[in-house]
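Got your viewer ready? Here is a short tour, one selection at a time.

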Amino acid sequence: MGEVSIIGLDLAKNVFQAHGAGADGSVIFRRKLSRAQLLKFMAAQPPCVVAMEACASAHHWGRAISDLGHQVRLIPPAYVKPFVKRQKNDMADAEAIAEAASRPTMRFVAVKSEAQQAAAMAYRTRDLLVRQRTQTINVLRAHLAEQGIVAPAGLAHVGRLAAIIDGDDGMLPAAVRDLARLLLDQIAGLAEKIAGLDAELRKRVTTDDTARRLTTIPGVGAVTAAAITTFAPPMETFSKGRDFAAWVGLTPRQHSSGGKDRLGRTSKMGQRDIRRLLIVGAVAVVRWAARKGAPGGSWLGRMMARKPKMLVAVALANRMARTAWALLRKGEDYRDPAMAAA
């Protein structure tokens with residue numbers, strides 16, 4: 001039996017499948033392991049490459065296995081699927097993971113530290129609370145609409161509804177008024193928690209030079225900067241800004257063949273949190289430019305003169321992603337508020 005060169009590990013909640021392969025791809029072992037057995041088994045193996053799909057628990061196991069002296073590689077699940085032979089089961093998955101990791105052109109996901117995962121949890125918690133607040137506001141508006149009270153959408157108009165609910169004009173039945181106050185208390189509680197998380201994000205921006213540098217880009221605020229520093233891999237991973245924009249999902253989908261380039265809509269295949277925030281920030285810049293006027297002769301002004309606003313916003317988000325890559329690679333601040341073409 002040869003020496004193990006790479007171990008493909010199919011993760012689960014309690015039962016794990018390990019596939020050991022030699023340098024020539026030959027099968028060395030196939031083992032089913034319980035959760036308690038996994039680290040003991042890995043500690044007994046000689047230092048080698050341990051490959052896993054990049055799933056929810058992969059970063060935890062990646063750190064633990066790295067501490068045992070192994071080289072951990074995380075692979076996006078979509079890149080493993082083509083290597084699965086026929087039947088779909090844990091054994092076939094583990095073998096496919098080992099096979100995919102042995103490819104010289106395979107792309108891997110960096111193992112996140114505990115601090116990075118904590119920052120990601122803070123961002124996603126804030127995102128969840130914002131969605132819950134929006135849902136509660138919409139529920140309140142819908143119930144009051146049934147009583148003949150209509151208000152525009154958005155957090156800014158909740159005060160108008162609160163004034164009607166607390167009024168003594170008899171427009172609402174007592175039962176409706178009590179339930180509406182319950183929803184108002186829920187909205188206020190969520191707003192307070194969101195404000196606390198926003199304060200933490202702003203504090204992080206002031207103490208993290210990387211995040212502060214990103215906020216110098218027009219349209220990038222504390223939340224977007226925190227998302228980029230949390231979810232994006234090291235910028236050295238990308239050879240140029242377009243690669244980072246493609247990773248985010250802001251480049252056109254290609255369907256080219258025979259030397260003919262066919263570009264479709266934005267791929268949306270990358271990191272959706274960063275992509276969404278960049279587009280939101282770009283929309284804000286475009287709206288500001290529509291009201292105040294874009295700088296004369298700038299790229300933004302030329303685009304807005306001949307393209308729809310939403311298309312311009314997505315194109316601007318692409319430029320913002322490339323700019324973020326350039327700033328982080330060069331360690332510089334943004335110094336071109338006119339956004340003139342290079």
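First, a bit of vocabulary: two strands pair if DSSP finds at least two bridges between them. Helices (H or I, at least four residues) and strands (E, at least two) are DSSP runs, numbered from the N terminus. This is a predicted model, in which local features need pLDDT of at least 70 and side-chain atom pairs count only at pLDDT 80 or more, while totals for chains, interfaces and linings use all residues. Residues are numbered from 1 along each chain as its sequence is written, and side-chain values use heavy atoms, with hydrogens and water left out.

**Stop 1: the sheet**

Start by colouring the strands. Five of them form an open sheet with mixed pairing, in the order β3-β2-β1-β4-β5. Which strands stand at the edges? They are β3 (27-34) and β5, and each has a single partner strand, so one side of each is left without a neighbour in the sheet. On average, neighbouring strands of this sheet are turned by 20° against each other, direction ignored. That angle is taken between axes, which are lines fitted to C-alpha atoms (for helices, over the stretch in contact); in general, angles run from 0 to 180 degrees between N-to-C directions.

**Stop 2: strand β1**

Now select residues 6-10, which make up β1. Buried or exposed? Five of the five residues of β1 are buried, so this strand is largely enclosed by the rest of the structure. Here buried means under 20% relative accessible area, exposed means over 50%, and partly exposed is in between (1.4 Å probe, protein chains only). Show the side chains too: I6, G8 and D10 point one way from β1, while I7 and L9 point the other way.

Click on G8, which is found in β1. Its relative accessible area is 0%. Then draw a distance from G8 to M52: the two are 44 residues apart in sequence, yet 6.2 Å apart in space, C-alpha to C-alpha.

**Stop 3: from β1 out to β3**

Add residues 15-21, strand β2. β1 and β2 form a hairpin with four residues between them, and the two run antiparallel, joined by five bridges. To see one of the matches, pick D10, whose bridge partner in β2 is Q17.

Carry on to β3. Seven bridges join it to β2, and this pair is antiparallel too. Select V15 and you'll find S34 of β3 opposite.

**Stop 4: the other way, to β4 and β5**

Go back to β1 and look to its other partner, β4 (residues 49-53). β1 and β4 run parallel, with four bridges between them. I6 stands opposite V49 in β4, and I7 stands opposite V50. Four of the five residues of β4 are buried, so β4 is largely enclosed by the rest of the structure.

Next, select residues 71-75 for β5, which pairs with β4 in the parallel sense over five bridges. M52 has L74 as its bridge partner in β5, and E53 stands opposite I75.

What links up with these two strands? Show residues 58-66, helix α2: β4, α2 and β5 make a right-handed β-α-β unit. Right-handed means that, with the strands pointing away from you, the path from the first strand over the helix to the second runs clockwise.

**Stop 5: two loop residues**

Find R86 in the loop between α3 (77-80) and α4 (90-101). R86 is exposed, with a relative accessible area of 84%. Its phi is near 55°, a positive value in a residue other than glycine. Most residues other than glycine have a negative phi.

Then try A110, in the loop between α4 and α5. A110 is partly exposed, at 43% relative accessible area. Its C-alpha lies 39 Å from that of R302, which is 192 residues away along the chain.

**Stop 6: helices**

Finish with helix α5 (residues 114-145) and helix α7 (residues 174-207). Their axes come within 9 Å and cross at roughly 155°. That makes α5 roughly antiparallel to α7, the word used for angles over 145 degrees (under 35 is roughly parallel, 65 to 115 roughly perpendicular, the rest oblique). By class, their contact has 18 nonpolar, five polar and five charged residues. Nonpolar covers Ala, Val, Leu, Ile, Met, Phe, Trp, Tyr, Cys and Pro; charged covers Asp, Glu, Lys and Arg; polar covers the others, Gly among them.

Last, add helix α9 (residues 222-231), which packs with α7 at an angle of about 70°, with the axes 9 Å apart. That makes α7 roughly perpendicular to α9.
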